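Please look over the sequence and the three-dimensional model shown here before reading on. The report after it takes up several features in turn, with residue names given so that each can be found in the viewer.

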Amino acid sequence: MRRVVLLAAALVAALGVTASSATSAASETGVTARTITIGGTYPLTGAASLYATIPVAMKAYFSYINARTGPDGKRGVYGRQIVFNVYDDGYAPAQAVQLTRKLVEQDKVFAVVGSLGTEVNVAIRPYLNSKKVPHMLVATGATTWGSEAKKYPWTTGWQPPYQFEGQLYGQAIARNSPNAKIAVLYQNDSYGADYIKGLETGLGDKKGNIVAREGYEVTAADVRSQMAKLRASGANVLVLFTTPKFTIQAYVIATALRWSPPVIYTNSVSATDTFLTLARSSGAGDIVNNTYTTQYAKDPANPKYDNDVSMKLYKQVMAQFYPKGRVTDALNYYGVAVAHAFVQLLYKAGKNPTRAGIIAQSRAWNEINPFLLPGNRQKTSGNDQFPLQCNQLAKFTNGTFTPVSALKCVTAT
């Protein structure tokens, strides 16, 4: 425990707080003198269950915050323990709505934090906004979280917008492979549509180079037929706007079809060391080494960060509070990073946080998160409500992502 506290000392400044003590007064829902209760829904089972490790990693970080002595000399945040209630929505919007109602009406949460999935969060957003419950740091890069901030003031995003990410892929293809034939596999919902819009924007007058696109439903068993059609198109660049299950399938099926596109762009929410390694061991072989993606946070699978203070803290948190978790898994790292972001905002909301107060802090945010890539600052103001707007392109080779571009920052609209 002492080692964790020592490592954490270097991060205290990142929380932007001064020593203070909690008061016994608590007048906001979900807040008592000793606890603050939050919650979220996640696909612990079902088509997107490979994301189930994220809330476990989040809870691990909250457990660390609850156990360590904070800058005010107390454990937790201003002496309050963070209680994190997690429910399994199976990646089903209707189920998520019912469980979110439970969080608000039965569990009496202060805020819903980090719920995962574009369609899920679109479904629960109207209810949470009508109840004026903070719907924060959603685990999806849908562009709507920033572009519709005025319409849904209680909902906030965090990760870079999918359209911006797709735009970077399009620009890279247009620049490096202007005569490429492009095939796209995408999830047939607003998640996939967001990415495709960005890809077309980035391609510009080269968007006609998309020779085939195949969508799949999240309830589908596999994408065999879609991959066969994409292969038949003669494409030499494959773009995957897919969730992990179907990403892994795409690599494996391509190999089974004896199709090895020399360039594959895979969206960041599925292009992790864990999933690409799993694809390789499941039959994809070396095709995974043709993968390019984007990154906005430090990579726990890259040894270049072994001596980084925040990476050391991440590994200590995992060792103590989530020892079964794969420490090189970028999803676990994401969980810790987004939990840290919430703790930062909770401190900024003050000794007696209110729902309105923490939302106000998130709407005028300008703060470093040490788990992100240097230069990728959490920043919002006025009409610009995309907290993270910077990505770098990286190539995967034998378990390691190597940057192939500088960090690029663009306001997505």
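What follows describes the cavities, two helices, the disulfide and a few individual residues of this model, which is predicted.

**Cavities**

A search of the whole structure finds five cavities of 30 Å³ or more, and the largest of them has a volume of about 420 Å³. The lining of this largest cavity is made up of 31 residues, and the ones that lie nearest its centre are Ser268, Val269, Tyr296, Leu331 and Tyr334. Two elements, strand β9 (291–295) and helix α13 (330–348), each supply at least two residues of that lining, and the largest share, five residues, comes from α13. Sorted by character, the residues lining the largest cavity comprise 19 nonpolar, nine polar and three charged.

**Helix α5 and its surroundings**

Helix α5 covers residues 118–130, and because a rise of 1.5 Å a residue predicts a span of 18 Å for its 13 residues, the 19 Å between its end C-alpha atoms agrees with expectation. The helix nevertheless bends, by about 35° at isoleucine 124, and a proline, proline 126, follows within four residues of that position. The buried residues in α5 include Thr118, Val120, Asn121 and Ile124, together with Arg125, Tyr127, Leu128 and Asn129.

One of these, asparagine 129, has a relative accessible area of 11% and therefore counts as buried, the cut-off being under 20%. Its C-alpha lies 9.2 Å from that of lysine 151, with the two positions 22 residues apart in sequence numbering. Ahead of the helix, glycine 117 sits in the loop between β3 (111–113) and α5, and glycine 117 is likewise buried, at a relative accessible area of 4%. The C-alpha atoms of glycine 117 and alanine 48 are separated by 8.9 Å, although these residues are 69 residues apart along the chain. After the helix comes lysine 132, whose phi is positive, near 55°.

**Helix α12 and the loop to α13**

Helix α12 (residues 309–321) has 13 residues, and the distance from its first C-alpha to its last is 18 Å, close to the 18 Å expected at 1.5 Å a residue. Its buried residues are Ser310, Met311, Leu313, Tyr314, Gln316, Val317 and Met318. The loop between α12 and α13 contains arginine 326, which is partly exposed because its relative accessibility is 36%. Arginine 326 and threonine 53 are 273 residues apart in sequence, yet their C-alpha atoms are 9.2 Å apart in space.

The C-alpha separations mentioned so far are collected here.

| Residue pair | Separation in sequence | C-alpha to C-alpha distance |
|---|---|---|
| glycine 117 and alanine 48 | 69 residues | 8.9 Å |
| arginine 326 and threonine 53 | 273 residues | 9.2 Å |
| asparagine 129 and lysine 151 | 22 residues | 9.2 Å |

**The disulfide**

A search of the whole structure finds one disulfide. It is formed by cysteine 390 and cysteine 409, whose sulfur atoms are 1.9 Å apart. The pair links distant parts of the chain, with cysteine 390 in strand β12 (residues 390–397) and cysteine 409 in strand β14 (residues 408–409), 19 residues apart. The torsion about the S-S bond of these two cysteines is about 115°, so the disulfide is right-handed. As for exposure, cysteine 390 counts as buried because its relative accessibility is 7%, whereas cysteine 409, with a relative accessible area of 46%, is partly exposed.

**Positive phi in loops**

Which backbone angle is positive in lysine 108, although this residue is not a glycine? The angle is phi, with a value of about 55°. Lysine 108 has its place in the loop between α4 (93–105) and β3, and it is partly exposed, because its relative accessible area is 45%. Asparagine 398, also a residue other than glycine, has a positive phi near 50°, and asparagine 398 lies in the loop between β12 and β13 (400–403).

Key: Residues are numbered from 1 along each chain as its sequence is written. This is a predicted model: local features need pLDDT of at least 70, side-chain atom pairs count only at pLDDT 80 or more; totals for chains, interfaces and linings use all residues. Side-chain values use heavy atoms; hydrogens and water are left out. On a 1 Å grid over the protein atoms alone, a cavity is a set of points where a 1.4 Å probe fits but cannot get out, and a pocket is an open set with protein on both sides within 12 Å along at least five of seven lines; lining residues have an atom within 4 Å of a point. Grid points are joined across faces, edges and corners, and a volume is the space filled by probe spheres set on the points. Ala, Val, Leu, Ile, Met, Phe, Trp, Tyr, Cys and Pro count as nonpolar, Asp, Glu, Lys and Arg as charged, and the others, Gly among them, as polar. The expected span of a helix is 1.5 Å times one less than its number of residues. The bend at a residue is the angle between axes fitted to the seven residues ending there and the seven starting there. Buried means under 20% relative accessible area, exposed over 50%, partly exposed in between (1.4 Å probe, protein chains only). A disulfide is a pair of cysteine sulfur atoms within 2.5 Å.
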